[in-house]
Amino acid sequence: MNSEKLSPRLAKVCEFLVHYQKDAIRLADIGSDHAYLPCHLALNKQLEFAIAGEVVEGPFQSAKAEVATRGLTEVIDVRKGDGLAVITETDQINAITICGMGGSLIRNILDENKAIIRENTVLVLQPNMASYQLRKWLNQNGFVFLNETVVEDHHREYEIMVVQKNSHHKQILTVNELQFGKYNLENPTVAFYQKWQKELSLLETTYQSIVEKTGADHPKTQLMQEEINQIKEVLN
């Protein structure tokens, strides 16, 4: 993977970003690593301005080097800082991407500086785990889901969600929609089924192990059985 050819996961993030942010994109890519995502957008003339944010020195230097090598220093500003703290009001950011982190960490990053997120800002988020916790926070803090999908990338399944800051509209989501994603349920991909089949197999194995030790009446096993039934219902 490089700035010219992204992985399937980041390629989908870019596709969603370009589709849902109708205005000229002013992006904050948080946890940008090598800055491949903003560089790709800039090379394809799909970007007005971007911040590549990194809190760790190694990835920060890698991002600076990639931006400089591509001749994009006037379009992409590589900044070292924690989460959304790299953004200022004058940047006029209207799009945010956070990819490759746990859902709880993404939630915390957004929560710590949510006041900096302007109305109608489009966020494309790719949590590696804890998607339910992230969806629940987004749903409770003025964000509306626009789309979601699951893509396969090097034999792993990745969830990608698109939301927009909209404090004037409350989106009502069911328990299943918070767990699996409203749009994933409406338009499930092959990777969606693969992901949840793996989750189900792991959960059933763990359940059997606990039942053998504590019995089926233990409160923990009862909760796990409910989750197993929930996944089976969706898969069927």
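Is Q21 buried or exposed? With a relative accessible area of 7%, Q21 is buried, where buried stands for under 20% relative accessible area, exposed for over 50% and partly exposed for the range in between (1.4 Å probe, protein chains only). The model discussed here is predicted, so local features need pLDDT of at least 70 and side-chain atom pairs count only at pLDDT 80 or more, while totals for chains, interfaces and linings use all residues. Residues are numbered from 1 along each chain as its sequence is written, and side-chain values use heavy atoms, with hydrogens and water left out.

Q21 is found in the loop between α1 (8-20) and β1 (26-30); helices (H or I, at least four residues) and strands (E, at least two) are DSSP runs, numbered from the N terminus. The side chain of Q21 reaches the backbone oxygen of N94 at 2.8 Å. Beyond its neighbours within four places in sequence, Q21 is in contact (heavy atoms within 4.5 Å) with N94, N120 and V122.

The sheet comes next. Seven strands make up an open sheet with mixed pairing, in the order β3-β2-β1-β4-β5-β7-β6; two strands pair if DSSP finds at least two bridges between them. The edges are held by β3 (76-80) and β6 (143-153), each with a single partner strand, so one side of each is left without a neighbour in the sheet. Neighbouring strands of this sheet are turned by 15° against each other on average, direction ignored; for such angles, axes are lines fitted to C-alpha atoms, for helices over the stretch in contact, and values run from 0 to 180 degrees between N-to-C directions.

At one edge, strand β2 (residues 49-54) and β3 run parallel and are joined by five bridges, with A50 standing opposite I76 in β3. At the other edge, β6 and β7 pair in the antiparallel sense over ten bridges, and the bridge partner of V150 is E159 in β7. These two strands, β6 and β7, form a hairpin with two residues between them, and H154 in the turn has a positive phi of about 55°. Although β6 is an edge strand, β6 is mostly covered, with nine of its eleven residues buried.

Strand β1 offers a view of the sheet from a single residue. A28 is found in β1 and counts as buried at 0% relative accessibility. Leaving out residues up to four places away in sequence, A28 touches I51, I87, I93, A95, I96 and T97. Of these partners, A95 lies 67 residues from A28 along the chain, yet their C-alpha atoms are separated by 6.3 Å.

Two helices that pack on the sheet can be described together. Helix α5 (residues 131-140) touches β5 (122-127), β6 and β7 (156-165), and its direction makes about 5° with that of β7. Helix α8 (residues 190-214) touches β6 and β7, and its direction makes about 80° with that of β6. The buried residues of α5 are S131, L134, R135, W137, L138 and N139; they pack against α4 (103-112), β5, β6, β7, α6 (175-180) and α7 (182-186). After α5 comes G142, whose phi is positive, near 85°. In α8, E199 counts as partly exposed at 34% relative accessibility. E199 and I231 are 32 residues apart in sequence and 8.5 Å apart in space, C-alpha to C-alpha.

Turning to the interior, a nonpolar core is a set of buried Ala, Val, Leu, Ile, Met, Phe, Trp, Tyr and Cys residues joined through side-chain atoms within 4.5 Å. The largest such core has 31 residues, and L27, L47, I76 and V124 have the most contacts inside it. Two or more residues of this core come from each of α1, α2 (36-43), β2, α3 (57-69), β3, β4 (95-101), β5 and β7. I76 touches P38, C39, A42, L47, A50, A52 and V67, not counting residues up to four places away in sequence. A second, separate core of 28 residues includes I117, M161, V163 and L173.

The cysteines complete the picture. The structure holds zero disulfides, a disulfide being a pair of cysteine sulfur atoms within 2.5 Å. For C14, the nearest cysteine sulfur is that of C99, 8.5 Å away; for C39, it is that of C14, 11 Å away. Both residues are buried, C14 with a relative accessible area of 6% and C39 with one of 0%.

Notes. A polar contact is a pair of N or O atoms within 3.5 Å; within protein, one must be able to donate a hydrogen and the other to accept it, and residues adjacent in sequence count only if both atoms are side-chain atoms.
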